[in-house]
Structures are given as C-alpha cells and as structure tokens.
Amino acid sequence: MAAGIADNPFTMFFASDVSPGLCAVAFDAACAVRCAAIRLRQDPSSLEDASPLFLKLLSEQPTIALWQRLAEGLTGHDARSRDDPQSDAAAIAGGFADASRYLKVELTLTLDGQPAVVTCLFEVDYLQTYARNDVRRSADLKAQACSQSPKSLSDSVKASAISLDAVLDRMMLTIGQCSRLEIGDVLPLASADAGRLSLCAETIHGSVDIGTGELGVWKRQRAVKLHTPVSESFARAIR
C-alpha cells in the first residue's frame with residue numbers, strides 16, 4: 001500500500017517535524033493535468049502529453065495548499081511554517097519502515113466530467129492517539145457543561161464568538177443557476193435599499209436577523225450604524 005503511493009510521480013511527502021500525522025498527499029494524472037491547465041490558463045487536453053516532472057512542478061503549489069488546509073485541524077502540525085514542508089519518503093513519520101503502519105484515504109472527484117483521485121496518507125499510530133484525545137476532550141467538555149450552573153452557562157454563551165453579517169438583499173436561485181454563474185454576470189437586487197441593511201448572526205439554527213442598520217463611515221473606516229435594538233427573541237435565547 002505505501003509503496004503504491006511512493007511510486008506515484010505526483011506524490012508530495014511531508015516531514016514528520018511539521019506533519020507528524022499527515023505524511024503525504026498525492027494527485028493522480030487527471031488532477032495534475034487540471035492543476036497545470038489552470039496555472040497556465042490552457043485547455044487540459046493540450047497538456048495530456050506533458051512530462052510527469054513538468055506536471056508535478058505545476059501541481060506543487062495546490063498540493064501544499066491542500067496539505068495546509070487539512071493540517072490546520074490536526075494536533076502537532078505546523079501548517080503555517082515558513083520552511084518548505086516537503087521531504088523525501090524517509091523523513092515522514094515512520095519513515096516507511098517495515099513496522100510502520102499507514103492509512104491511505106482516496107477521494108474521487110469529478111473534473112470536467114472525468115474522475116480524478118486525491119490520496120492522503122496518514123500514520124496510523126498518530127490517528128489512534130488523535131482519536132483517543134478527541135474522545136477525552138469531548139468527555140471533558142460534557143462533564144464541564146454538566147457541572148456548570150445555569151448562570152455560568154449563560155455567561156459562557158454570551159462570551160462565545162459568533163459571525164455577524166450585514167446583508168443588503170437576498171435572492172433565491174436554484175442550484176443549477178448557481179452552478180452556471182460566471183465572472184461578469186450581473187445579479188439585479190430588486191429589493192435592495194442602500195439605507196437599510198439587515199444585521200444577521202450565525203447560530204446553530206442558521207442565520208438569524210437580529211436588527212437593521214445603514215452603511216456609513218466611522219473613524220475613516222466602513223461601519224454599520226444600528227437603527228433598531230437587538231431583537232428580543234435573540235436576546236432571550238442567550239439569557
């Protein structure tokens with residue numbers, strides 16, 4: 001299994017000191033061609049005969065970007081290291097030793113109607129430790145929540161951060177219409193009122209309108225001035 005990913009010309013390995021769990025990310029030829037075509041702004045069919053080395057060089061940046069997105073949520077990974085995270089196969093966690101165990105995860109995508117595969121290689125011992133710690137963290141959080149008084153829970157909720165959006169207008173589109181949107185398309189905002197913005201909060205039940213306001217400037221920065229108090233239903237939910 002490990003040898004299969006090692007033989008893939010589009011595999012990128014990551015050193016154990018910055019990536020102790022996620023050892024490698026590999027594209028298949030279809031992914032590599034697509035990455036090269038996007039970077040060169042060419043049709044993918046024009047690169048089907050390109051050399052594997054050329055395609056790998058052009059797919060390095062998206063491979064590292066994918067590794068960073070995955071590694072951000074993994075304990076012990078330095079996804080924002082300024083050093084090049086790439087390494088040879090011997091420098092990954094376990095070093096491909098006979099006693100080392102790995103889990104290969106294959107994700108099949110559809111690019112231009114054709115299947116393409118992205119493969120991630122994880123070190124099994126790291127995953128087992130991560131899973132045990134995650135179960136322990138969940139149990140600790142549950143125990144902490146059970147031990148808190150209603151007031152402390154309310155204070156904790158009030159101190160939690162949520163996302164606020166200032167919305168000018170909303171419209172309904174089908175998924176098919178969204179999929180056909182292109183750069184330069186114009187979407188008319190028939191009900192938009194520049195002097196009336198809806199302030200929305202992201203909650204576990206979705207986006208909720210909590211007030212209205214208008215766009216302005218405060219201390220030379222764009223700002224929203226509230227016209228209405230925070231809705232009573234939202235305030236009541238966090239008491």
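**Questions about a predicted model**

Reader: Let's jump in. Not counting residues up to four places away in sequence, what does Leu111 touch?
Author: A quick word first: this is a predicted model, where local features need pLDDT of at least 70 and side-chain atom pairs count only at pLDDT 80 or more, while totals for chains, interfaces and linings use all residues. Residues are numbered from 1 along each chain as its sequence is written, and side-chain values use heavy atoms, with hydrogens and water left out. Leu111 sits in strand β4, and strands (E, at least two residues) and helices (H or I, at least four) are DSSP runs numbered from the N terminus. With contact meaning heavy atoms within 4.5 Å, Leu111 touches Cys31, Arg34 and Ala116.

Reader: Is Leu111 buried, exposed or partly exposed?
Author: The cut-offs are under 20% relative accessible area for buried and over 50% for exposed, with partly exposed in between (1.4 Å probe, protein chains only). Leu111 has a relative accessible area of 27%, so the label is partly exposed.

Reader: How far apart are the C-alpha atoms of Leu111 and Ala30?
Author: Along the chain, these two are 81 residues apart. In space, their C-alpha atoms are separated by 8.1 Å.

Reader: Let's step back. How many helices and strands does the protein have?
Author: We've met β4 already, as the strand that holds Leu111. The full tally is 7 helices and 9 strands.

Reader: What radius of gyration does the protein have?
Author: The radius is taken over C-alpha atoms, and the globule rule is 2.2 Å times the number of residues to the power 0.38. By that rule, a compact globule of 239 residues would come out near 18 Å. The C-alpha atoms here fill a box of roughly 65 × 55 × 35 Å along the principal axes. The protein's radius of gyration is 25 Å.

Reader: What share of the 239 residues in the protein is buried?
Author: One buried example is Ser59 in helix α3, at 2% relative accessibility. Across the protein, buried residues make up 25%.

Reader: How many residues does helix α2 have, and what does it reach from its first C-alpha to its last?
Author: Helix α2 covers residues 29-40, which is 12 residues. The expected span is 1.5 Å times one less than the number of residues, which comes to 16 Å for α2. The reach in the model is close to that, at 16 Å.

Reader: Which elements do the buried residues of α2 pack against?
Author: The buried ones in this helix are Cys31, Ala32, Val33, Cys35, Ala36 and Ala37. They pack against β2 (22-27), α3 (52-71), β4 (102-111) and β5 (114-123).

Reader: Leaving aside neighbours within four places in sequence, what is Val33 in contact with?
Author: Val33 belongs to helix α2 and counts as buried because its relative accessibility is 12%. Its C-alpha lies 8.8 Å from that of Leu58, 25 residues away in sequence. Its contacts are Pro44, Leu47 and Leu55.

Reader: And what does Ser59 touch, not counting residues up to four places away in sequence?
Author: Ser59 is in helix α3. Two of its partners, Ala32 and Cys35, are among the buried residues of α2. The set it touches is Phe27, Ala32 and Cys35.

Reader: How far apart are the C-alpha atoms of Glu60 and Met12?
Author: Glu60 is also found in α3, where it counts as partly exposed at 23% relative accessibility. Glu60 touches Met12 and Gln86, leaving out residues up to four places away. Glu60 and Met12 are 48 residues apart along the chain, yet the C-alpha separation is 7.7 Å.

Reader: What is the relative accessibility of Thr119?
Author: Thr119 lies in strand β5. Its contacts beyond four places in sequence include Ile5, Ala24 and Lys104. Thr119 counts as buried, with a relative accessibility of 9%.

Reader: What positive phi does Arg41 have, although it is not a glycine?
Author: Arg41 comes just after α2, in the loop between α2 and α3. Arg41 is exposed, with a relative accessible area of 80%. Its phi is about 55°.

Reader: And where does Arg220 lie?
Author: Arg220 isn't a glycine either, and has a positive phi of about 65°. At 84% relative accessibility, it counts as exposed. Its place is the loop between β8 (206-218) and β9 (221-226).
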